[in-house]
Amino acid sequence: MTTNVMIVGVGGQGSLLASKLLGHVVMQKGFDVKVSEVHGMSQRGGSVVTYVRFGDKVYSPIIDKGEADYIVSFETLEAARYMEYLKPGGKVIVNAQEIDPMPVITGAAEYPEGLIDKMKEAGADVDAMDALGLAVEAGSSKATNIVLMGRVSKYFEDMGTLEITREDWEKSLEACVPSKFLELNKKAFELGRGE
């Protein structure tokens, strides 16, 4: 049984740290892990996608359409863009923030309205949250990625089969986050969990 997680966002939002943290925590629990980063124009605010796949034995780092158990999105439009990758019964965890892509900035297009409702109407199980607001509450807008990982940890716990505890996540935070930012990130993680 392989669990497939897609982390999607815009360049500079910290998706690589999020995938590193997720990869670390599942590897520490003895899972075979494959992480693959697909960069768009990340330096210019373009789309960034990271695949994290783990299980007893994982052969490929790539997630195909219809295979993602979770899509973790740092921004609303990015969640909508990758919906076809979600498997039936999969979960979308989305930061309900809207970041204008280049066509919107230049006036060539308008940001689509009602995306979260549209995803739900299409049958997706969507958990939309103000991860940016919670990150700011924790002390930095840059901790949005860790807020989202906090929410992921809650769903992993609810599954029951992974046996990944809150303490496991905390140890991985300590391993992946520079010590000067650790307390802030621990707070962001807790807020993401809803605690």
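A residue is buried here if its relative accessible area is under 20%, exposed if over 50%, and partly exposed in between, using a 1.4 Å probe and protein chains only. R193 counts as buried because its relative accessibility is 5%. The model is predicted, so to speak of local features requires pLDDT of at least 70, side-chain atom pairs count only at pLDDT 80 or more, and totals for chains, interfaces and linings use all residues. Residues are numbered from 1 along each chain as its sequence is written, and side-chain values use heavy atoms, with hydrogens and water left out.

R193 lies in helix α8. Helices are DSSP runs of H or I with at least four residues, strands are runs of E with at least two, and both are numbered from the N terminus. Contact means heavy atoms within 4.5 Å. Not counting residues up to four places away in sequence, R193 touches G150, R151, S153, K154, E157 and R166.

Now turn to the nonpolar interior. A nonpolar core is a set of buried Ala, Val, Leu, Ile, Met, Phe, Trp, Tyr and Cys residues joined through side-chain atoms within 4.5 Å. The largest one has 38 residues. Within it, V5, I7, L22, F54, M149, F156 and W169 touch the most other members. Two or more residues come from each of β1 (3-10), α1, β3, β4 (68-73), α5 (131-138), α6 (144-159), α7 (166-176) and α8 (182-193). Helix α6 gives the largest share, 7 residues. Another core lies apart from this one. That second core has 18 residues, among them Y85, V92, I116 and A124.

Two members of the largest core show how it is packed. V5 lies in strand β1. V5 counts as buried, since its relative accessibility is 1%. Leaving out residues up to four places away in sequence, its contacts are L22, T50, Y51, V52, F54, I63, Y70, V72 and F156. R81 is 76 residues from V5 in sequence, and their C-alpha atoms are 15 Å apart in space. W169 is the other example. With the same sequence neighbours left out, up to four places away, W169 touches L21, L22, V25, M149, V152, S153, F156, I164 and F189.

Which residues form one aromatic cluster? They are F31, F54, Y70, F156, W169 and F189. Rings of Phe, Tyr and Trp (its six-membered ring) pair if their centres lie within 6.5 Å; planes under 30 degrees apart count as stacked, over 60 as edge-to-face and the rest as tilted. This rule gives 6 aromatic pairs. F31 and F54 are edge-to-face because their ring centres are 5.4 Å apart and their planes stand at 65°. This pair links distant parts of the chain, 23 residues apart. F31 sits in the loop between α1 (15-28) and β2, and F54 in strand β3 (residues 47-55). Both F31 and F54 are buried. Y82 and Y85 form a tilted pair, 6.0 Å centre to centre with 50° between the planes. Y82 is buried at 14% relative accessibility, and Y85 is buried at 16%.

Next comes D32, in strand β2 (residues 32-39). D32 is buried, with a relative accessible area of 18%. Its side chain reaches the backbone nitrogen of V58 at 2.7 Å. Beyond residues up to four places away in sequence, D32 touches R53, F54, G55, D56, K57 and V58. K57 also meets a ring: its charged end sits over Y59, 5.8 Å from the ring centre. A charge sits over a ring if NZ of Lys or CZ of Arg is within 6 Å of the ring centre and within 35 degrees of the ring normal.

S15 lies in helix α1. At 5% relative accessibility, S15 is buried. Outside its neighbours within four places in sequence, S15 contacts I7, V48, T50 and F74. I146 is 131 residues from S15 along the chain, yet their C-alpha atoms are separated by 9.4 Å.

Helix α5 closes the tour. Its buried residues include A131, L134, A135 and A138. They lie on the same side of α5 because they cover an arc of only 105° around the axis. The arc is that of the directions from the helix axis to the C-beta atoms. The cover over the buried residues of α5 includes β5 (86-95), β6 (125-129), α6 and α8. G139 follows α5, with a positive phi near 130°.

Terms used
A polar contact is a pair of N or O atoms within 3.5 Å; within protein, one must be able to donate a hydrogen and the other to accept it, and residues adjacent in sequence count only if both atoms are side-chain atoms.
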